[in-house]
Structures are given as C-alpha cells and as structure tokens.
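Here is a note for a first-year colleague who wants to read through this structure step by step. Please keep the sequence and the 3D view open while going through the points.

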Amino acid sequence: MPITYTSGEQVEVYRFSIPVTIGVPLLALFLQAFVPLRFPRFAVYVDLPLLVTIFFAISRRSPIAGLFTGAVIGLAQDMLGHNPIGIYGIAKTVVGYGASSLGVKLDVENAGARLLVTLGFYLVHSAVYFTVARGLVNMTQRWSWGHGILAALVNGILGVLLYFLLDRFKQRT
Amino acid sequence: MESVLGRYRNLIILAGVLFLQVIGLAVQVKRIGNEEKDTRLIRIWAVGAVAPFERALVWMQNSTSGVWHNYIFLRGVRSENRQLKEQIEQMRLEQVRLSEDAAQARRLQNLLAFKEQFVSKTVAAQVIGSGGSDLSRIVYIDKGEQDGLKRDMAVITADGIVGKVLQVFKTPSVSQVLLISDQSSGVGAILEKSRLQGVLRGTANGEVVLERVMSDEQVQPGETVLTSGGDQIFPKGLPVGTVTKVGSGKDLFLNIKIKPAANLSKLEEVLVLVEKQERQAVAEDQGRIRAADILAQRLPSVPDKPATDPNAKPVGEAPGNPAANAKPGTKPAAPGAPPATKTAVTPTRPGGVTAAGSVPVAIVPKPKPTTTSTSSGEEKPEGAVDLQPSITEQKPPVSPAAEPNSQPPADDNSPH
C-alpha cells in the first residue's frame with residue numbers, strides 16, 4: 001500500500017536501500033562517538049542516532065519498522081558506552097514507534113512540523129531514558145528542564161537540516 | 001480473538017520488544033551486582049564495527065595535520081626555535097638543581113625506610129573514540145590485550161590522572177577507559193597540604209568531587225589534590241587536580257569540587273601504566289669516599305711519573321699511612337699546614353653518619369668520635385637529625401706515621 005490518506009491528503013510511504021538502511025545509522029553512531037573528542041559539548045547536546053531513528057520512522061510510516069529501527073539503533077548506542085545494554089534501546093524503541101505512528105497520521109514533510117516532532121520526541125526520549133536509568137538500573141540522574149529544552153532545540157534545528165540531506169536517499173514505494 | 005490481536009498487533013509487538021529489553025537489563029544489573037567482569041560478545045561486535053573507522057579517521061587527521069604543520073605552515077618556526085633553545089638552557093640549569101634535590105630526597109627516603117610505588121612500564125596510546133553520551137564518560141584507546149593491557153590499569157597523561165582501563169578487547173586491539181569524571185568511578189585521593197584523604201568521584205553532570213572529607217576540616221580552594229594510592233590502581237602522588245569550590249555536603253561531609261589536572265574533554269594521547277613496582281627507595285651508594293680522592297678531583301693534578309723500577313721501594317710508603325697510598329694526581333699538603341684536617345659538605349646525622357648511610361669523609365681508618373658542628377660552629381645536641389647540608393669536621397688523625405707536628409707524608413707524586 002504505497003499511499004495512505006490522512007485528512008484527505010496523500011501521505012507517501014518511502015523505503016530505503018540496504019546500504020542506506022545500514023550505513024546511515026552506523027555513520028551516525030560513529031560520528032556520535034568520534035566528534036566529542038574534538039567538540040566535547042557535542043555529546044551533551046546532540047543525539048545523532050535519535051535523529052536518524054526519527055527520520056527513518058516518520059519516512060517509513062510503519063510502527064513495527066519504526067520500533068525495530070529504534071531498538072537496533074538504541075542497542076548499538078548502548079554497546080558503545082559502559083552502562084547496561086538496553087537503556088537507549090528502550091528509549092529509542094518508544095521513540096521509533098511513536099514517530100512512525102505520528103507519521104501515519106500527520107504530514108511531517110515540512111520544516112516546521114519536523115522541528116516540532118524532533119523537539120517533542122527528544123523530550124520523550126530523555127524522559128524514558130531518565131525513568132529507565134533511575135528506576136531499573138539505579139543510576140544517579142538529575143532532570144534539568146533548562147538543559148532538556150536547550151538540547152531539544154539544538155537537536156530540532158540540526159534534525160531539520162539533516163532530514164533534508166537524508167531526503168535524497170528516499171525511494172518511493 | 002484474532003481481530004483483537006490484529007487490531008492491537010503493533011502495540012503487542014511494542015510491548016514484547018520492550019519487555020525483552022527490560023528482562024535483558026534486569027539480567028545485566030544482577031550480573032553487575034555479582035561482580036561479573038566478562039565482556040559481552042555483543043559489545044565486542046559493536047566496538048569491532050566502529051573502532052576501525054575511528055582508527056582510520058584519527059590516522060588521516062594526524063597525517064593531514066602532520067603534512068600541513070611539518071612541511072607547509074612553518075610561519076614563526078625560527079623564532080619559536082630560538083625561544084625553545086633559551087628555554088632548554090634554563091631547564092638544564094633547573095634540571096641540575098632538581099637532580100641534586102632528588103638525590104637528597106632518595107637518601108632521606110632510604111633513611112626513613114620509605115616504600116614507594118614506581119611506575120616501571122607504560123604504554124602510550126591514542127584516544128580514538130568516546131562513549132558518545134554525557135551519561136557514559138568513557139574513551140576508547142588504540143591499544144588492547146595484544147599490547148599487554150589489562151583491566152583496572154591506570155591511565156594518565158603528563159598533567160594528571162585520566163581514569164582506568166575498564167574493558168580490554170583483543171580483536172580489534174582497543175580498550176575502553178573509564179574517566180574519573182564518570183559517576184561510577186572512584187579514586188583514592190589526598191589533599192597535598194592538609195593531607196586529608198577522600199574518595200574522588202564523578203557526578204551525573206560530569207563534575208569531579210572529593211567525597212568523605214569531614215565537614216569540620218579546613219580545605220582551601222586552590223589546594224592540589226594527589227592520588228593517595230589507596231585504591232591499588234593509581235600509584236601514590238600523581239596529580240589529580242585542584243580544589244575549586246568547598247561547600248557543605250550531606251552527612252557531615254564536605255562537598256569539594258575538583259578541577260581535574262588533565263583535560264578530560266580533549267584527550268589525545270595517554271599513558272597506560274602496565275607495570276608498577278613497590279620497592280624501597282635506594283640511594284646511590286658510591287662506596288666510601290676518601291678525602292684524598294675528593295681533593296684529587298678538585299685540585300690540579302701533577303702528571304704521572306714515567307715508569308720506574310718496580311723493585312724500588314717508594315719513598316714514604318709505610319703501613320698505616322693512607323696518605324702515602326693516595327691515587328696518582330693527589331696534591332700533597334703544603335709544608336707546615338695542619339695535617340689531615342678535612343671538611344666535606346654532606347648531610348649528616350648524629351654520630352657523623354651521612355644521610356646516605358655511609359661514613360662521612362675521613363682520611364683515617366679509625367677516627368676518634370666526631371663532633372658535628374654547623375657552619376657557625378654551634379655543636380648539635382646528641383640525637384638531633386640535621387637534614388640540611390652541614391660541614392662535618394673531624395679530628396686530626398693520630399697515627400704512628402703521622403704525628404701532629406711531623407712533616408707531611410711524601411708520596412709518589414711529591415716533588416723531588
């Protein structure tokens with residue numbers, strides 16, 4: 001079913017080639033691990049794997065594909081750190097499912113909608129991570145609204161730019 | 001039933017995936033509680049996928065930077081070279097002074113039977129990646145099991161400590177280093193001046209704090225923090241950082257914020273302490289030094305005589321006359337001078353024993369009981385330890401061959 005209908009408008013469903021499906025998340029993970037060596041603040045404010053998860057989820061518009069994409073990317077991100085594997089996995093699974101479900105119902109092709117979606121899902125991601133890390137793993141965490149909103153804005157702006165770049169790899173189903 | 005499953009299929013799958021991950025987390029948390037220290041295969045795969053790219057990128061970056069800075073961008077190199085040469089000269093002078101201080105410190109440590117941990121072997125490594133999250137403050141280095149690295153080895157820079165090796169991988173040969181700013185790290189630390197000990201920990205927002213210092217103690221901002229050696233990972237005395245802020249914490253402890261000496265946010269090269277030894281400081285024992293030898297070094301020497309008849313008995317040679325057996329090049333005492341009253345600048349202890357533990361400079365085999373006096377002539381009370389260099393005077397020798405008013409003994413180098 002290549003085209004879904006929401007509010008009378010056609011919303012297209014896209015797919016991606018296998019190299020893009022594997023390469024883009026790997027590149028995002030690599031940059032997430034490498035860039036902080038030169039720009040330490042990068043890791044504090046930017047979450048590239050999250051942006052890639054949101055992009056694939058809202059483009060494919062399939063909740064199951066979205067949640068699996070989020071789970072795989074999140075687990076891979078967990079593996080690079082030293083904390084128990086699964087904290088990012090759970091958070092990104094929720095985000096992948098939510099973003100793809102939202103993509104089914106809304107047109108998220110324009111820049112404004114993408115900014116709001118990314119901003120909102122960054123906060124959702126942070127809240128889930130905070131809950132899991134504190135509740136299940138007993139990690140010491142502090143919630144800061146100021147930092148959360150600032151980081152959400154940074155990710156939103158970066159996400160809009162990144163999505164336009166990644167739009168080139170979309171293929172119509 | 002089928003319609004319900006079909007309607008809520010997405011939600012059921014979501015719940016299933018989340019449930020599996022929660023179970024996986026629970027298993028890991030339980031294992032961490034049981035101190036299991038194995039490396040998960042899945043983590044090895046992830047590191048193996050990312051590390052080669054990181055290594056290649058670091059290599060490319062270093063190569064490009066090397067070509068640019070070594071062959072193209074050479075502006076100001078000449079003046080910098082001149083400044084560096086001047087700096088080297090100053091540092092040489094400083095080095096001479098410091099080596100003297102170090103030698104003296106070793107002697108004193110030997111006296112006090114100090115035991116030290118010496119860093120005997122290090123491996124230099126390059127930082128190639130990070131954990132990618134502010135909640136996991138780790139870095140990856142390009143040395144691993146094949147380079148002799150093991151868990152819990154200390155990682156330092158020239159500025160100060162960095163962290164410890166958390167995971168070691170064989171293929172690829174990389175290691176994971178837990179930074180001291182991570183909230184799961186802990187380092188035994190001591191304040192340099194007040195000698196208060198505490199535990200250095202990272203916080204959730206990446207700050208480094210010193211815990212377990214009682215609130216009734218006085219700690220001043222700016223004080224240096226060193227490793228205490230109590231964690232059995234870092235040798236004692238390595239720089240950790242400086243105190244930036246002191247406040248009241250919880251449970252009768254102070255909240256002391258530390259600025260790490262090493263720049264943890266911009267690490268490039270680090271040293272891994274792969275071997276450390278605990279041994280007693282040993283002073284350089286140069287054996288018994290005779291005054292004649294010292295004089296021979298200080299005074300201008302007379303050239304050696306040509307070879308003579310080996311059967312001819314040397315003039316003035318007599319048993320019990322050590323001056324007659326002095327090395328060639330020893331200048332004889334001037335006629336009429338007080339015989340064999342020598343001074344030597346050495347750190348002394350009561351009884352005329354030097355700080356190095358050897359007998360002070362003497363020219364007689366069995367000197368009379370010595371008196372230790374300072375340069376001002378004041379006599380030291382018995383039992384006092386003088387760690388400052390002082391002048392040790394010894395009584396003139398009394399020997400059958402050298403009476404106080406007799407002529408100075410002649411030796412091979414005496415003028416004829």
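**Notes on the two chains**

1. In this predicted model, a good place to begin is helix α6 of chain A, in which the residues A:Arg114, A:Val117, A:Thr118, A:Phe121, A:Tyr122, A:His125, A:Ser126, A:Val128, A:Tyr129, A:Val132 and A:Ala133 are buried. These buried residues of α6(A) pack against three other helices of chain A, namely α3 (48-60), α5 (87-105) and α7 (145-166). When reading such a list, it helps to recall that an α-helix has 3.6 residues a turn, so residues three or four places apart point the same way.

2. The length of α6(A) can also be checked, because a helix of 25 residues (residues 111-135) should span 36 Å at 1.5 Å a residue, and the end C-alpha atoms are indeed 36 Å apart, which agrees.

3. The same kind of check can be made on helix α1 of chain A (residues 18-38), whose 21 residues should span 30 Å at 1.5 Å a residue, while its end C-alpha atoms are 31 Å apart, which agrees. Where in α1(A) does a kink lie? It is found at A:Gln32, shortly before the proline A:Pro36, and amounts to about 25°. Both A:Gln32 and A:Pro36 belong to the buried residues of α1(A), which also include A:Val24, A:Leu29, A:Phe30 and A:Phe34.

4. Turning to chain B, one counts five helices and 16 strands, and buried residues make up 27% of its 416 residues. Among contacts in chain B between residues at least 6 apart in sequence, 64% join residues at least 24 apart.

5. Chain B contains a closed barrel of six strands, which runs β6-β7-β8-β11-β10-β9 with antiparallel pairing. Neighbouring strands of this sheet are turned by 45° against each other on average, direction ignored. Within the barrel, strand β7 (residues 197-202) and strand β8 (residues 208-211) of chain B run antiparallel and are joined by four bridges, and B:Leu200 stands opposite B:Leu210 in β8(B).

6. How many residues does each chain bring to the contact between them? Chain B contributes 38 residues and chain A contributes 34 residues. On the side of chain B that touches chain A, at least two residues each come from α2 (9-33), α3 (41-72), β1 (115-130) and β5 (175-179) of chain B, and α2(B) gives the most, with 12 residues. By character, the residues on this side of chain B divide into 20 nonpolar, 14 polar and four charged.

Conventions: Residues are numbered from 1 along each chain as its sequence is written. Chains are lettered from A and ligands numbered from 1 in the order in which they are written. This is a predicted model: local features need pLDDT of at least 70, side-chain atom pairs count only at pLDDT 80 or more; totals for chains, interfaces and linings use all residues. Two residues are in contact if their C-beta atoms, placed from the backbone, lie within 7 Å. Ala, Val, Leu, Ile, Met, Phe, Trp, Tyr, Cys and Pro count as nonpolar, Asp, Glu, Lys and Arg as charged, and the others, Gly among them, as polar. Two strands pair if DSSP finds at least two bridges between them. Axes are lines fitted to C-alpha atoms, for helices over the stretch in contact, and angles run from 0 to 180 degrees between N-to-C directions. The expected span of a helix is 1.5 Å times one less than its number of residues. A residue is buried if 20 or more other C-beta atoms lie within 10 Å of its own, exposed if 12 or fewer, and partly exposed in between; C-beta atoms are placed from the backbone. The bend at a residue is the angle between axes fitted to the seven residues ending there and the seven starting there.
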